[in-house]
Structure formats: structure tokens, C-alpha cells
Amino acid sequence: MNESIHGHQVMELMASSTESHTESELLAIIASTFGENARFHTCMDENLTSKNLIDFLTSKGKLVESDQGLSLALNNSC
């Protein structure tokens with residue numbers, strides 16, 4: 001099994017982009033960067049799929065959704 005990737009790495013990936021992305025675009029970017037079967041963890045949870053991670057980050061206000069798609073919140077620290 002691959003090593004778990006911290007959710008901050010996905011947040012850093014988002015921070016490097018100036019664009020918003022739809023959820024499906026973001027899932028594709030995560031898969032191409034970390035692999036189709038990558039698992040993620042955060043300070044609060046583990047063994048997350050990329051979809052689970054996006055949902056978690058959105059629920060915690062780390063990712064914000066707009067008409068343009070998902071983007072990193074300006075106050076994205078833990």
C-alpha cells in the first residue's frame with residue numbers, strides 16, 4: 001500500500017494555481033499528481049479518498065465553492 005499523503009499537499013497544489021476548478025477537474029489533477037489510488041490523511045482523519053478529502057476540506061472551509069468552481073480559502077491555515 002502507498003504511503004498516505006497529508007491533505008496539506010493538496011492545499012499546496014491548489015495554492016500554486018490561480019484558477020478555480022470544478023470538483024471533477026480537481027479530482028483529475030489530484031489523480032495525475034498523486035495517483036489514482038492515493039489515500040490521504042489530515043490532522044483529524046485518515047484513509048481518505050480524494051473525493052473524501054475534497055469534501056472534508058470544503059466542510060472545514062479550506063476549499064470554497066463558487067460559480068467558478070473550488071478554490072483555496074484565503075485563510076487556509078489549520
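Reader: Which residue follows helix 2, and what is the sign of its phi?

Author: The model under discussion is predicted. In it, Gly35 comes directly after helix 2, and its phi is positive, near 105°.

Reader: Where else does a positive phi occur, in a residue other than glycine?

Author: Asn47 provides such a case, with phi near 60°. This residue belongs to the loop between strand 2 (40-41) and helix 3 (50-59). Asn47 is partly exposed, its relative accessible area being 48%.

Reader: How should one read the faces of a helix, and which residues of helix 2 are buried?

Author: The general idea comes first. An α-helix has 3.6 residues a turn, so residues three or four places apart point the same way. In helix 2, the buried residues are Leu26, Ile30, Ala31 and Phe34. Viewed down the axis of helix 2, these residues fall within an arc of 135°, so they line one face of the helix. The face turned away from that buried side carries the exposed residues Ser24 and Ser32.

Reader: What span does helix 2 cover, and against which elements do its buried residues pack?

Author: Helix 2 has twelve residues and reaches 16 Å from its first C-alpha to its last, close to the 16 Å expected at 1.5 Å a residue. Its buried residues pack against strand 1 (5-6), helix 1 (7-15), strand 2, helix 3, strand 3 (63-66) and strand 4 (69-72).

Reader: Which residues are buried in helix 1, and which are exposed on its other side?

Author: The same helical reading applies. Gly7, Val10, Met11 and Met14 are the buried residues of helix 1. They cover an arc of only 100° around the axis, which puts them on the same side of helix 1. Glu12 and Ala15 are exposed on the other side. The packing partners of the buried residues in helix 1 are strand 1, helix 2, strand 2, helix 3, strand 3 and strand 4.

Reader: How many aromatic pairs does a search of the whole structure find?

Author: The search finds one aromatic pair. The ring centres of Phe34 and Phe40 are 5.8 Å apart and the ring planes stand at 90°, so the pair is edge-to-face; the cut-off for that class is over 60 degrees. As for burial, Phe40 has a relative accessible area of 0% and is buried. Phe34, at 19% relative accessibility, also counts as buried, because the cut-off is under 20%.

Reader: Is His21 buried or exposed, and what does its side chain join?

Author: His21 is located in the loop between helix 1 and helix 2. With a relative accessible area of 11%, His21 is buried. A polar contact of 3.2 Å links its side chain to that of Ser17. Leaving aside neighbours within four places in sequence, the residues in contact with His21 are Met14, Leu26, Ile29, Gln68, Gly69 and Leu70.

Reader: How far apart are Glu25 and Gly69 in sequence and in space?

Author: They are 44 residues apart in sequence and 9.3 Å apart in space, C-alpha to C-alpha. Glu25 lies in helix 2 (residues 23-34) and is partly exposed, with a relative accessible area of 39%.

Reader: In what sense do strand 3 and strand 4 pair, and how are they joined?

Author: A general point on strands is useful here. In a regular strand the side chains alternate between the two faces of the sheet. Strand 3 and strand 4 pair in the antiparallel sense over four bridges. One of the bridge partnerships places Leu63 opposite Leu72 in strand 4. A hairpin joins strand 3 to strand 4 through two residues.

Methods
Residues numbered from 1 in each chain as written. Predicted model: local features only at pLDDT ≥ 70, side-chain atom pairs only at ≥ 80, totals over all residues. Heavy atoms only, no water. Buried < 20%, exposed > 50% of the residue type's maximum accessible area, 1.4 Å probe, protein only. Phe/Tyr/Trp six-rings, centres within 6.5 Å; stacked < 30°, edge-to-face > 60°. Expected span 1.5 Å × (residues − 1). Arc of directions from axis to C-beta. Contact = heavy atoms within 4.5 Å. Pairing = 2+ DSSP bridges. Polar contact = N/O pair within 3.5 Å; in protein donor to acceptor, adjacent residues only side chain to side chain.
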